[in-house]
Amino acid sequence: MPTLEVSINGRRHQLQCAEGEETRLRRLAAYVDARVAELAKQHGQVGDARLLVLTSLLIADELSDAYDEIKRLKGAVDAQTRQGEEQAAEAMNRLAARLEQLADALQRP
């Protein structure tokens, strides 16, 4: 299991991750570090624990918004899928009716 060092708020942390996840973990740590820096700039150095709690809440809020957007988009896709299925069923019914008309016409002398 790889071990890597990340820096958050100027403090170094040794972390382990699954093989091949190093780049992802570095990217996530950089994101957290940037959010901590943003809050530290706004509120000053109010202590690591408080900054990390504020950052966690901020990221949790972003995640909640993202989940809400996913639900909204999924609902829209589901509605479009239902509409497409209904349109396809109507087209098939029209085609079946037309084929029956043609079959009837061919059977008449």
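This passage describes a strand hairpin, two helices and a surface patch in a predicted model.

Strand E1 covers residues 3–8, and strand E2 covers residues 11–16. The two strands run antiparallel and are joined by 6 bridges. Within this pairing, Leu4 of E1 has Leu15 of E2 as its bridge partner. The hairpin formed by E1 and E2 has 2 residues between its strands, and Asn9 adopts a positive phi near 55° in this hairpin. The two faces of E1 are distinguished by their cover: Leu4, Val6 and Ile8 lie on the covered face, whereas Thr3, Glu5 and Ser7 lie on the uncovered one.

Helix H1 comprises residues 22–43 and includes Arg35. The relative accessible area of Arg35 is 13%; this residue is therefore classed as buried, because the value is under 20%. When residues up to four places away in sequence are not counted, Arg35 touches Thr55, Leu58, Ile59 and Glu62.

Helix H2 extends over residues 48–107, and Ile70 is located in this helix. The relative accessible area of Ile70 is 51%; Ile70 is therefore classed as exposed, because the value is over 50%. Together with Leu63 and Tyr67, Ile70 forms a nonpolar patch on the surface. The accessible area of these residues together is about 310 Å².

Arg35 and Ile70 thus fall into opposite classes: Arg35 in H1 is buried, whereas Ile70 in H2 is exposed.

Key
Residues are numbered from 1 along each chain as its sequence is written. This is a predicted model: local features need pLDDT of at least 70, side-chain atom pairs count only at pLDDT 80 or more; totals for chains, interfaces and linings use all residues. Side-chain values use heavy atoms; hydrogens and water are left out. Patches are made of residues with over 30% relative accessible area and no salt bridge: like charges are joined within 9 Å, nonpolar side chains (Val, Leu, Ile, Met, Phe, Trp, Tyr) within 5 Å. Accessible areas come from the Shrake-Rupley method with a 1.4 Å probe; for residues, only the protein chains shown count as cover. A salt bridge is a side-chain nitrogen of Lys or Arg within 4 Å of a carboxyl oxygen of Asp or Glu. Helices (H or I, at least four residues) and strands (E, at least two) are DSSP runs, numbered from the N terminus. Buried means under 20% relative accessible area, exposed over 50%, partly exposed in between (1.4 Å probe, protein chains only). Contact means heavy atoms within 4.5 Å. Two strands pair if DSSP finds at least two bridges between them.
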